[in-house]
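Me: I would like to learn how to read this structure feature by feature. Can we begin with how helices pack?

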Amino acid sequence: MSNMPTELGMFQIYNEETKALQSSDNLDDIMLICTEINEPLVKLHNVAMTDLIIDLNKVTSKTGKIVTELKTHWIVIRYVDCGDEAAAWMNKYFRKSTLRLLRAEYDIIGKRETDFMARIDTDAEAWKLFRTLTLYTVITSETLKQYDNKQYHNNQGNLTRHFKIQPNILISASPFPAFAEKNWDWMMIGNVILKKIRPTMKRYACIISHLLVIISRSLLDVLFFVQIQNIPNQTLVNKQSVNVQDINGYPQLFDKNWVKIGHVTQLYMYPLKSGGKVSISSTRCNQYGMVNWNQRMPDLQIWDGMFLVYNQKTKTIANFANYWKLVLININVSKTFMQFNAIGIDSLIIEIDKQTRKYCKVFYYSSWYGGTPTKLRDCGAKAAKWINEYLETSDLRLVQRVQRVDCNPLHEEPNFIRENWMEYNMIYSTKAEEKTEAFANVTRCVLMTTSTLDKLQKEIIHNDEHHLIRPNIVVSTSSIPYSEEDWEWIKIKNIIIRVIKPVPRYLIKPFALRFLTVFAHELYVRDKEEETAHLGVYCASFISGNLQLNDDEAFANVTRCVLMTTSTLDKLQKEIIHGDEHHLIRPNIVVSGSSIPYSEEDWEWIKIKNIIIRVIKPVPRYLIKPFALRFLTVFAHELYTRDREEETAHLGVYCASFINGHLQLNDDDTLGHIKSRTSPEIQAKAAKDVAERLLGKEISKMFIMMLDTDLGPVGKDTFKITKNPLGEIEIRGTSGVAITWGLHHYLKNYCNVHISWDGTQIALPNTLPEVYVKVISNDRFRYYQNVCTVGYSSAWWQWQQWERNIDWMALNGINLALAFTAQEAIWQRLYQELNLMKEEIDEHLGGPAFLPWARMGNIRGFGGPLSSNWHNHTIRLQHQILRRMRDLGIVPVLPAFAGHVPRAFARLFPNANMTKIDPWNKFEDKYCCPYLLEPTDPLFRMIGERFLRMYIDEFGTDHIYNCDTFNENEPSNNELIYLRNVGYSVFSAMNAVDSKAIWLMQAWLFVHDITFWTKSRVRAFLTSVPTIWYDRKNFYSMWNVFLKARYGRGNNTLYRHDVVDITRQALQLMADDIYVTILDCYNKKNITAFRSSANALLELFDDLESILASGSNFLLGTWLAQAKDMAVDEEERRSYEYNARNQITLWGPNGEIRDYANKQWSGVMADYFKPRWELFLKALEKSLVQRTKLNITEINDRIFHEIEQPFTFSTKIYPIEAKGDTIDIAMKIISKWFKGESASSSLSSSLKSSSIKTC
């Protein structure tokens, strides 16, 4: 029996129901359970649970129950039950009822097979045993850094994902690049030798091993390490010597380009968040911000923001944005109490004795770093009464924030801000200032230069404005105002502070408006002209230390570069007036990808491969003026005019490297954040599920699907397909989409499988073909769908159809797709919030079959109203759609605000600047012409922000959005500045909610103008690439040849579908020929030939109906049934059926775009198309016989009232199953109509019907 007291992986979780050991694949939160070992006791810990203590002496195979065991001729692994208490703990944590905690015991009973390691790739039993044995994972520090950066940026600070990285041995390998370990076959650490097992897993198994002991860490520690006892601290890899190490927190700060800036002139603390300031002479800067800690009285700790105002109703933290009088509260600090003073109310005294605080109520608040929730200690009823009376409300409590540990400098390390810097910084990158609750436990300080402070104080208009200037640290400098925003690091003696971002300018506006209208107006003007750049910079302590007035060793790092887009560069170069002006355009990095000049000033983070760059500010425009004056007065004058009108916005943006790396030409990862944020495990599982749905559970087991993000180039989906010795097909891919795409590639190209919308042919060979292929995608994104698709194709889809659609996307490599469902439900919420009445909302939102055009402002209200059932259903459906897309790694494109609003806005906002949109396609006023908000109107951005925020709150975001302001709607103003303002306003609304927003727009907007795209230009354009053309003779011959191939294929679903489709097309072409003959006979007044051709055409409609009725994909009944299935009552059922019928026929109440979306379906042919032609032909015949002039207006009126409109309101039920044998029907049709192989495609030679007479 192994006498090792503790082993790596000594505990396993067992599912009694499935009789299987569990892992992170099916118990994701297993990695959040921490272990502490103090033999013989083992403690399992999780923040949400009480600790579980296990005595190892009581859990052995001799004393406990053996649940299961794995045995070979050389090793026995016994799994011993840890008892009912341990089982109850596990089931409570995982919210299950069938789990048991087991301890593994290893017993070596013989000599291990020498070929065991060699057989694990080919022998299923050996592989099963190997997976059961302990694996040791080795990773280098360089690889770890790569994963660390990816985790933070891909998952927006979700620390749970970090637990997926679980190395046992961490090696400092500075001579080697990241992921070098995957190329090592053997490693030797002292007298321990490790052999690589499976390269793609980057795992190693110890084959000559000694005692290994886990070093336990707290919950917030991401990694687990192994201490190798009695072994020299040296690792040999390829004869290179490196050291085993444990990395704590952020990599060590290297030497910077420090520039001396001056000395500390003022220090302030704000004990109450958003309250008044307290001047101090010294402080400690650490992870809690500004801290005053007295070693003789450690209980009397005072720190910046230690008191907060908590709204117990909304469970949020208040600040001066919603309670502006907070800034007028002054605080006096004593040895034993704090005195809160404010005008018009008696002072409040709060004792800060530790003994008094023990009995206070505690609130818990979410923590930004994902660990234990922040404690907020209530200051009592007296304090609550005081703060509510002063702020004239009733739901507030004055609370004290409790630190994770006390502020004793001996206890403050490790610095958890430094260790979690990327996640900490992410809060600011999402403009979280607007979400005050996010700052309950986010410590920070504000640093400002004396130059900035002097300029701000000179600009004060109202006496109370000085309360908004709130620095913690003021340093002297002779530099220009606002220069601190260019700094990345600040060093004051032994303290190192890292700059986060400038304190935003807009913070001053909400406060200012509450004082004086004139002041607010002046502030707006100054803000627009950028005279008030910011109010200092937010900072956080990176290396702690003591700080006091007059410290004179203040240094700053000012390294930066200039980044510019190609669009900005092109625009600037086109505007050059003087030959020497190009010298002023001085970028370091030029990137492509944005068609809008100056868009880079809206970016905050830029990721190029593994490098992360942070934007500091735009390169100011005034840099060009002094230089220009040296050349030519006229040039300077012209430049000043352009600058004033802001046509030349800036000369790029200043940036600073946040995560260093190597940059080279053609790096194409500028849109790096537009990618899946779903874990590799979930994506691989989702891809496997597609295989099961497509092939069945048993057959899909022959396909091993694995995700490997390192398989191909960054930003290029890659898959690799091989056949392993077990006969299984292994498909590795860089994403869930790539894996699924690889599956389709193999099935299509190696197994002759066909997968399409119209049917699937899957007949795999008994032995799967050999394969070794690697495919790298040409493009970063493969985009799918048009905004009108959700009206014409998927209007009535439920989850079954959507699931199939999303599977099809992944199988075809689609990784970017529209996801527009349920936006009307969010618009309804917003409109109700704005106090629109139900009738006003109903007259704006379109019906289910017409949603795309209502969304784009073409129509309003037609086909509606939408019921609460529709809204609830689409919300549930959108959650399913997005979950599946994201699971597979497909990035969904979400809707945004294009500017169109209901007519009722004129009532609600009488002063808003709006334009009535021109009628679209002759729709009457009842159903057309919503309003378009003027882009410069503040309401535009307010509505856009509110909608997108509500949509994201419901569905989340992947940072890419679509909306179309001018889809087939000509702008009311053709001036360039107007068009630019529209685009700017649309994107600004997105960007205000999501600073990573990308706007995706339809190209149809630009090609709709046929005055430019003439026939000759279209032909010239299309013939510039290979194009397949056909004539009718070739098509008829193809039809004949295709039907001759029916033998052996008659039962094939796809073949039958194609027979219907080709026969339908052949009859359509014949109908065109017959119609030409009818017109010829009518013009020649040949009544006999006319009647013959007219009868032939009507007979052809019957044959069309017959062949269409035999195909399951050509039935009107299916379309109507899908629509009616969405309804919950008769009224809704009639409404949806009308939507479905109208869209494919009249397309509007009066046929505004008649037949635009027509479908050649069984049912439509018999009851819509044929009756229309019958009426029309009878009118022509009557005109011939009576020799009267044809009244086309009267005919169209009769067709509308007798056929078209009644069809849209009809409730006739049509079949939903095919009728008749497709092959037999097609053979009868071709023998009836087709004359056979002919050298001509004319009517007389191609058509066989004896009833047709030429004229």
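Reply: Yes, and keep in mind that the model is predicted. Two packed helices are described by the angle between their axes and the distance between the axes. Here, helix α33 (residues 1130–1143) packs with helix α35 (residues 1192–1209) at an angle of about 145°. Their axes are 7 Å apart.

Me: Which residues make the contact between α33 and α35?

Reply: From α33 come Tyr1138, Arg1141 and Asn1142. From α35 come Phe1207, Thr1208 and Phe1209. By class, the residues of this contact are 3 nonpolar, 2 polar and 1 charged.

Me: Next, the interior. Which residues of the largest nonpolar core touch the most other members?

Reply: In soluble globular proteins, nonpolar side chains tend to be buried together. In this chain the largest nonpolar core holds 180 residues, and Trp796, Met990, Trp1039 and Trp1147 touch the most other members. Helix α30 (residues 1053–1083) gives the most to this core, with 13 residues. A second, separate core has 51 residues, including Met338, Leu398, Trp487 and Ile492.

Me: What is methionine 990 in contact with, beyond its neighbours within four places in sequence?

Reply: Methionine 990 contacts Ala896, Leu948, Tyr961, Cys963, Ala997 and Trp999.

Me: And the chain as a whole: how many helices and strands does it have?

Reply: There are 37 helices and 57 strands. Of the 1255 residues, 54% count as buried. The chain exposes about 58,700 Å², and carbon and sulfur atoms supply 51% of that area. Then look at contacts between residues at least 6 apart in sequence: 73% of them join residues at least 24 apart.

Me: Now a polar residue. Is glutamine 823 buried or exposed?

Reply: Glutamine 823 has a relative accessible area of 4%, so it counts as buried. The cut-off for buried is under 20%. Glutamine 823 sits in helix α20 (residues 823–833). Not counting residues up to four places away in sequence, glutamine 823 touches Arg855, Pro895, Phe947 and Tyr951.

Me: How do I read a sheet? What is the strand order in the open sheet of 4 strands?

Reply: Strands of a sheet pair through backbone hydrogen bonds, either parallel or antiparallel. This open sheet runs β44-β46-β45-β49, with mixed pairing. Its edge strands are β44 (703–707) and β49 (772–776), each pairing on one side only. On average, neighbouring strands of the sheet are turned by 15° against each other, direction ignored.

Me: How many bridges join β44 to β46?

Reply: 5 bridges join β44 to β46 (residues 729–733), and the two strands run parallel. One bridge pair is phenylalanine 703 with isoleucine 729 of β46.

Me: Which helix lies across this sheet's strands β44, β45, β46 and β49?

Reply: Helix α17 (residues 736–750) does, running at about 150° to β44.

Me: Let me see antiparallel pairing too. Which strand does β19 join by 3 bridges?

Reply: Strand β19 (residues 264–269) joins β33 (residues 473–475) in this way, and they run antiparallel. Glutamine 266 stands opposite valine 474 in β33. Strand β19 is also joined to β20 (residues 278–279), by 2 bridges, again antiparallel. There, methionine 269 has valine 278 of β20 as its bridge partner.

Me: Which residues of helix α12 are buried?

Reply: In α12 (residues 566–574), the buried residues are Ser567, Thr568, Leu569 and Leu572. Their cover includes β39 (561–565) and β40 (589–591).

Me: Last, the backbone. Where does proline 865 lie?

Reply: Proline 865 is in the loop between α22 (851–855) and α23 (868–888). The peptide bond to proline 865 from glycine 864 is cis, with omega near 5°.

Me: What is the phi of asparagine 752?

Reply: Asparagine 752 has a positive phi of about 60°, although it is not a glycine. Asparagine 752 lies in the loop between α17 and β47 (754–756). Its relative accessibility is 61%, so asparagine 752 counts as exposed. Asparagine 835 also has a positive phi, near 75°. Asparagine 835 lies in the loop between α20 and α21 (838–842). With 56% relative accessibility, asparagine 835 counts as exposed.

Technical notes:
Residues are numbered from 1 along each chain as its sequence is written. This is a predicted model: local features need pLDDT of at least 70, side-chain atom pairs count only at pLDDT 80 or more; totals for chains, interfaces and linings use all residues. Side-chain values use heavy atoms; hydrogens and water are left out. Axes are lines fitted to C-alpha atoms, for helices over the stretch in contact, and angles run from 0 to 180 degrees between N-to-C directions. Contact means heavy atoms within 4.5 Å. Ala, Val, Leu, Ile, Met, Phe, Trp, Tyr, Cys and Pro count as nonpolar, Asp, Glu, Lys and Arg as charged, and the others, Gly among them, as polar. A nonpolar core is a set of buried Ala, Val, Leu, Ile, Met, Phe, Trp, Tyr and Cys residues joined through side-chain atoms within 4.5 Å. Buried means under 20% relative accessible area, exposed over 50%, partly exposed in between (1.4 Å probe, protein chains only). Accessible areas come from the Shrake-Rupley method with a 1.4 Å probe; for residues, only the protein chains shown count as cover. Two strands pair if DSSP finds at least two bridges between them.
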